[in-house]
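Subject: Structure for your review: aromatic contacts

Dear colleague,

Please find the structure below, handed over for your consideration. My notes on its aromatic side chains follow.

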Amino acid sequence: LKALGDVVEKTGRGFHIHVAEDAYDQSYTHRYYRKDILDRLVAFGLVNDRGLLAHGIYLTPNDVEILNRRDAFLVHNCRSNMNNSVGYGRVISSVGNVGIGTDGIGSDMFQEVKIAYFKNRDAGGSLAPDRYLEFLQNGNIILARAFSGATRDKKEPRAGAQLFGRIEPGYAADITVLDYH
């Protein structure tokens, strides 16, 4: 973890990790390190505004507070979680930055949004459909942070960086055409 933290510091990049995907993840880190998972990652400089944490089903309130304070993204992989029978990520309603992912189980992001919304309803969640569309749109923020250095608070990119997520001068052409028939 120290070597990875050194690379993150040197490059100014983020760190992508699957975390708290199973209850065992938390029990292991508490038993052997006496810390929540994100406390361990922070100690090595691995949670920043370019960080991606996948799953996060068993994040503690402390973990969520760290995630929000450091402006990192939690990527919700609902269908993968269902497939692996690991539980439902109820914490997403308290996380500031959420994206939608597939964990490699498919590539149809609209299907992923639909399943995530229905699973939320099935689990008694209160998130409305528009929140899931926001989570999908957040993929553009993840791209902008990764390739331009922009953050949610600092919208200005590094010099010469390509921007994503808008169709206007100066932005990369990231248009998707879908055949609904």
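A residue is called buried when its relative accessible area is under 20%. By that criterion Y117 and Y132 are both buried. Please note that the model is predicted.

The search covered the whole structure and returned 6 aromatic pairs. In one of them, the ring centres of Y24 and Y28 lie 5.8 Å apart with the planes at 45°, so this pair is classed as tilted. Both residues belong to helix α2 (residues 23–33), where a spacing of 4 residues places Y24 and Y28 about one helical turn apart. As to accessibility, Y24 is exposed, at a relative accessible area of 52%, while Y28 is partly exposed, at 33%.

The buried residues Y117 and Y132 also form a pair, with an edge-to-face arrangement: the distance is 6.1 Å centre to centre, and the angle between the planes is 70°. This contact links distant parts of the chain, since Y117 lies in helix α6 (residues 109–122) and Y132 in helix α7 (residues 129–148), 15 residues apart. The angle of 70° exceeds the cut-off for edge-to-face pairs, which is over 60 degrees.

Beyond individual pairs, Y24 and Y28 join Y32 and Y33 in one aromatic cluster. One member of that cluster, Y33, has a charged neighbour: the charged end of R40 sits over the ring of Y33, at 3.6 Å from the ring centre.

Yours sincerely

Key:
Residues numbered from 1 in each chain as written. Predicted model: local features only at pLDDT ≥ 70, side-chain atom pairs only at ≥ 80, totals over all residues. Heavy atoms only, no water. Phe/Tyr/Trp six-rings, centres within 6.5 Å; stacked < 30°, edge-to-face > 60°. Helix = DSSP H or I, 4+ residues; strand = E, 2+ residues; numbered from the N terminus. Buried < 20%, exposed > 50% of the residue type's maximum accessible area, 1.4 Å probe, protein only. Lys NZ or Arg CZ within 6 Å of the ring centre and 35° of its normal.
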